[in-house]
Amino acid sequence: MCGIVGYIGYREAFPILIKGLYHLEYRGYDSAGIALINSNGGMNIYKTKGRVSELEEFCKNHDVSGTIGIAHTRWATHGEPNNINAHPHYSESKNLALIHNGIIENYTVLKKQLIQNGYHFQSNTDTEVLVQLIEYIKELNNVDLCTAVQLALGQVIGAYAIVVMEKGQNDRFIAARKSSPLVLGIGKDEFFIASDASPIIEYTNKVIYLEDEEIAIVHRHESPKIVTIGNIEKTREIIQLEISLSQLEKGGYPHFMLKEIFEQPQTLRDCMRGRVDITCNNVVLSGIIDNKKQFCDAKRIIILACGTSWHAGLIGEYLLEEFCRIPVEVEYSSEFRYRNPVIYPDDAVIAISQSGETADTLAAIDLARKAGAFVYGICNVVGSSIARNTHSGSYTHVGPEIGVASTKAFTAQLIVLAMMSLCIAREKKTVTEERFLKLLKELDRIPDKVEQILRTDESIKNLSEIFTYAHNFIYLGRGYNYPVALEGALKLKEISYIHAEGYPAAEMKHGPIALIDSEMPVVAIATDNGMYDKVISNIQEIKARNGRIIAIVSENDTAMKDIADYVIEIPATEDCFDPLLTIIPLQLLSYHIAVTKRRDVDRPRNLAKSVTVE
Ligand code: F6R
């Protein structure tokens with residue numbers, strides 16, 4: 001939540017920072033702000049409620065000169081989204097400006113002390129407390145800015161990625177992090193700092209990921225110096241990033257979400273490349289091979305995740321139990337971390353996260369590690385906090401996912417879980433060789449089948465227009481398709497703001513069927529698998545109560561045409577891989593309904609891509 005970016009170098013900072021904010025808008029977009037120090041050492045701060053475009057517009061009539069600056073796009077935690085609560089925040093003397101991503105948990109205590117010492121507050125934010133505290137400590141102890149930052153952070157409880165600048169000091173800014181990400185970009189005679197690499201990659205691919213409780217002192221003419229809060233000097237490895245700018249752009253699509261849906265055949269191939277080898281009849285997942293004992297001897301697997309990644313985890317449960325015969329529990333990270341769960345040292349824990357920065361999942365991992373469990377990460381963002389805080393793991397390799405609604409990351413998480421299950425099952429000999437080879441071949445065919453479904457986009461678009469009237473939707477599935485029903489409902493509600501619920505189809509008669517009338521659209525996943533006849537019966541029950549049924553069926557299905565109002569056909573596959581196909585029409589349906597309703601598809605209200613607060 002919240003995106004931060006900073007620049008120091010020989011170019012004008014303003015265009016770089018504004019562009020950087022546009023890249024980071026997926027992290028929050030309820031207000032934005034910028035601070036620049038001009039060549040005379042004067043500091044200008046501009047803040048506006050709303051999107052980055054509003055800040056850019058506002059700045060047109062103001063002095064935006066300067067080769068050093070910091071900027072912020074906000075997802076509100078403390079204090080409503082308005083101009084005053086927008087970052088950067090400045091200190092009492094207006095000498096210091098600071099941007100922050102995270103939450104200062106003990107801000108009320110600190111604020112009280114500062115007020116007693118004569119400090120005045122403009123905003124309702126926790127961030128303003130931090131900048132005031134830094135100034136208070138700096139003046140009280142007569143120390144330089146870096147020392148003041150170190151001392152202040154020593155008093156802070158919570159999560160932060162911050163960048164702070166000082167009026168009159170146009171040669172230096174200071175950045176620090178704990179539990180919120182921060183990347184330092186190393187250019188030639190210029191330096192960048194940001195919440196992720198997207199604002200940096202256009203200028204340099206050399207980066208340093210700051211670790212928790214590290215501070216970077218970034219000086220215009222010197223190599224950045226990294227120290228800890230306790231003032232221990234650190235040497236950090238410079239990493240060469242492999243993402244390109246084109247991966248961060250829309251490539252002709254009207255929205256990132258649509259681009260990302262259509263990228264899926266390729267991202268699934270990328271995810272399997274070098275791992276699924278059908279010529280050698282093998283699946284090679286190095287993280288699993290290196291840690292096979294941890295999985296093969298595990299008495300239990302616990303999957304930790306939030307949101308869409310949690311839905312992938314539910315499908316992972318079905319896969320791992322079916323093929324590896326290991327009991328699996330799937331937990332919301334946010335519940336797990338606070339409920340004193342039973343964790344055994346011989347549990348294997350799998351943490352799933354696209355961003356690799358979700359605060360609840362990070363905390364849940366911490367808990368599992370402290371209890372002695374082995375923790376395996378499935379992340380998309382390379383070098384992210386979860387990737388670094390797990391014992392081992394597999395990347396999904398889908399490239400940056402910018403649309404707030406997760407699509408291509410979800411299907412790649414499923415592919416990784418499928419590859420993991422096959423790898424462990426073969427090792428444990430819980431599947432026959434014949435079955436293993438059949439599954440492997442089918443997995444390899446999935447990207448082509450996804451491609452085939454994407455060709456039906458136009459008819460799904462037409463269908464979506466019929467249903468924009470609806471205020472509620474129900475999604476039904478059974479077996480492997482039950483979590484897909486949950487994910488389909490989540491996709492619809494988050495981008496179209498239509499209320500939607502996912503249920504296991506057989507549960508309808510235990511209560512929710514009371515909701516059914518002729519106005520209620522019901523999306524039923526009824527593909528040709530082991531549950532087909534059962535789902536048909538469940539759909540008949542809906543039909544008998546006049547529900548309007550959109551059925552996702554396998555090609556050549558004949559029975560459903562007489563029952564459902566609308567039918568979307570998809571290729572047949574193995575039951576266990578069904579979710580990789582059934583989710584595609586649901587992603588498209590949500591997308592088109594949201595577009596028809598003129599929603600901001602890539603940046604839905606109240607949401608942010610990376611949930612770095614609990
Ligand atoms: C929904 C969505 C969220 C995320 C959730 C976890 O489309 O994107 O529900 O899945 O916030 O995020 P990660 O996977 O980054 O841990």
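A salt bridge is a side-chain nitrogen of Lys or Arg within 4 Å of a carboxyl oxygen of Asp or Glu. Keep that in mind for the exercises below, which explore a predicted model.

**Exercise 1. Find out which parts of the chain the salt bridge between Arg603 and Glu25 links, and how buried or exposed each partner is.**

Step 1. Check the distance: N to O, the side chains of Arg603 and Glu25 are 2.2 Å apart, and they meet in a salt bridge.

Step 2. Place the partners. Arg603 sits in the segment after helix H19 (578–596), while Glu25 belongs to the loop between H1 and strand E2 (31–37). The pair links distant parts of the chain, 578 residues apart.

Step 3. Look at accessibility. Buried means under 20% relative accessible area. Glu25 has 2%, so Glu25 is buried. Arg603, with 26%, is partly exposed.

**Exercise 2. Do the same for the salt bridge between Arg11 and Glu190.**

Step 1. The two side chains meet at 2.7 Å, N to O.

Step 2. Arg11 lies in the loop between strand E1 (3–8) and helix H1 (13–24), and Glu190 in the loop between strand E9 (183–186) and strand E10 (191–194); the pair therefore ties together parts 179 residues apart in sequence.

Step 3. Glu190 is buried at 2% relative accessible area, whereas Arg11 is partly exposed at 30%.

Step 4. For the wider picture, the structure holds 35 salt bridges.

**Exercise 3. Work out how strand E26 (residues 548–554) is placed among its neighbours.**

Step 1. Start on one side: strand E25 (residues 521–526) runs parallel to E26, and 6 bridges join them. Ala526 has Val553 in E26 as its bridge partner.

Step 2. Follow the chain from E25. Together with helix H18 (residues 532–543) and E26, strand E25 makes a right-handed β-α-β unit.

Step 3. Turn to strand E27 (residues 566–570), which is parallel to E26 and joined to it by 5 bridges. Here Val553 has Glu569 as its bridge partner. The side chain of Glu569 also meets that of Lys561 in a salt bridge (3.2 Å, N to O).

Step 4. Ask how enclosed the strand is. Of its 7 residues, 6 are buried, so E26 is largely enclosed by the rest of the structure.

**Exercise 4. Describe the sheet that contains strands E5 and E14, and say why one side of each lacks a neighbour.**

Step 1. Write the order: E5-E6-E7-E8-E12-E13-E14, 7 strands in an open sheet with antiparallel pairing.

Step 2. Find the edges. E5 (89–90) and E14 (233–234) stand there with a single partner strand each, so one side of each has no neighbour in the sheet.

Step 3. Zoom in on one pair: 5 bridges join E7 (residues 158–166) to E8 (residues 172–178), with Met165 opposite Phe173 in E8.

**Exercise 5. Identify which residues come nearest to the ligand, and how much of its accessible area the protein covers.**

Step 1. There are 15 residues around the ligand, and Ser309, Ser353, Ser355, Thr358 and Glu494 come nearest.

Step 2. List some contacts. An N or O atom in the side chain of Ser309 is 2.6 Å from a ligand oxygen, and a polar side-chain atom of Glu494 is 2.6 Å from an oxygen atom of the ligand. Gln354 uses its backbone instead: one of its backbone N or O atoms lies 2.7 Å from a ligand oxygen.

Step 3. Now the cover: the ligand has 400 Å² of accessible area on its own, and the protein covers 89% of it.

Note on methods:
Residues are numbered from 1 along each chain as its sequence is written. This is a predicted model: local features need pLDDT of at least 70, side-chain atom pairs count only at pLDDT 80 or more; totals for chains, interfaces and linings use all residues. Side-chain values use heavy atoms; hydrogens and water are left out. Buried means under 20% relative accessible area, exposed over 50%, partly exposed in between (1.4 Å probe, protein chains only). Helices (H or I, at least four residues) and strands (E, at least two) are DSSP runs, numbered from the N terminus. Two strands pair if DSSP finds at least two bridges between them. A crossover is right-handed if, with the strands pointing away from the viewer, the path from the first strand over the helix to the second runs clockwise. A residue is near a molecule or strand if one of its heavy atoms lies within 4 Å of it. A polar contact is a pair of N or O atoms within 3.5 Å; within protein, one must be able to donate a hydrogen and the other to accept it, and residues adjacent in sequence count only if both atoms are side-chain atoms. Accessible areas come from the Shrake-Rupley method with a 1.4 Å probe; for residues, only the protein chains shown count as cover.
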